[in-house]
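Hi,

Here is the structure I said I would pass on. Have a look at it first, and then read my notes below.

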Amino acid sequence: MFARLTIAENLHMGAYIRRDKDGIAADLAQMYTLFPRLAERRSQLAGTLSGGEQQMLALARALMSRPSLLMLDEPSMGLAPLMVEKIFDTIGSIAAQGMSILLVEQNAQLALQLAQRGYVMESGHITLSGKARDLLGSDAVRRAYLGG
């Protein structure tokens, strides 16, 4: 995110390569619906937002480019539990609308509850993979990542 730009300016930067003004306006309205906090503060400088609000803005800005694949790296990092829940609810909503998402996340419980497939990496190597619900029920995953 661009700290010295406003929320609105950051969102427009996400659509920088697009030329469909009506589509951009519609997507902007959708981002403000998806993230009401951003709508309330659209003229606020992005650098003054909380960590959770910055994550919302980064996610919204990425969506403004209408990607075919949304890649997220640790969207919960450094966030308060309530904000983590909101971010993951939003990611779930985006996935439910048909967006393909590649999520890298250390919170295995949340990630596997959201995912269709999961991959467990240790020291850069995939050690387990499969359907997310199967991994959630795996004793090895539970012991290593879910505190069970």
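Before the details, one cut-off: a residue counts as buried when its relative accessible area is under 20%, and as exposed when that value is over 50%, with partly exposed in between. Please also keep in mind that this is a predicted model.

Let's start with Thr6, which sits in the segment before α1 (7–14). Its relative accessibility is 14%, so Thr6 counts as buried. What is Thr6 in contact with, leaving aside its neighbours within four places in sequence? The partners are Arg42, Ser43, Gln44, Leu45 and Ala46.

Gly51 makes a nice contrast. You'll find Gly51 in helix α4 (residues 51–63). With a relative accessible area of 39%, Gly51 is partly exposed, because that value falls between the two cut-offs. Have a look at Gly78 as well: along the chain it is 27 residues apart from Gly51, yet 7.3 Å separates their C-alpha atoms.

Now for the strands. In a regular strand, side chains alternate between the two faces of the sheet. Strand β1 (residues 69–73) has Leu70 and Leu72 on a covered face, while Leu69, Met71 and Asp73 are on the uncovered one. β1 runs parallel to strand β2 (residues 100–104), and five bridges join the two. If you want a spot to begin tracing that pairing, Leu69 stands opposite Ser100 in β2. Add helix α5 (residues 81–96) to β1 and β2 and you have a β-α-β unit, a right-handed one.

Then there are the pockets. The largest pocket has a volume of about 850 Å³, and 25 residues line it. Which of them lie nearest its centre? Those are Leu103, Ala115, Arg117, Gly118 and Tyr119. Several elements each supply at least two residues of this lining: α5, β2, α6 (108–114), β3 (117–122) and α8 (139–145). So α5 and β2 turn up both here and in the β-α-β unit. By class, the lining of the largest pocket has 18 nonpolar residues, four polar and three charged.

The second largest pocket has a volume of about 170 Å³. Helix α2 (residues 21–34) gives the most to its lining, with four residues. Among the residues that line this pocket are Asp27, Gln30, Met31, Leu34, Arg66 and Ile94. Six of its lining residues are nonpolar, two are polar and two are charged.

Happy browsing!

Definitions and conventions:
Residues are numbered from 1 along each chain as its sequence is written. This is a predicted model: local features need pLDDT of at least 70, side-chain atom pairs count only at pLDDT 80 or more; totals for chains, interfaces and linings use all residues. Side-chain values use heavy atoms; hydrogens and water are left out. Buried means under 20% relative accessible area, exposed over 50%, partly exposed in between (1.4 Å probe, protein chains only). Two strands pair if DSSP finds at least two bridges between them. A crossover is right-handed if, with the strands pointing away from the viewer, the path from the first strand over the helix to the second runs clockwise. On a 1 Å grid over the protein atoms alone, a cavity is a set of points where a 1.4 Å probe fits but cannot get out, and a pocket is an open set with protein on both sides within 12 Å along at least five of seven lines; lining residues have an atom within 4 Å of a point. Grid points are joined across faces, edges and corners, and a volume is the space filled by probe spheres set on the points. Ala, Val, Leu, Ile, Met, Phe, Trp, Tyr, Cys and Pro count as nonpolar, Asp, Glu, Lys and Arg as charged, and the others, Gly among them, as polar. Contact means heavy atoms within 4.5 Å.
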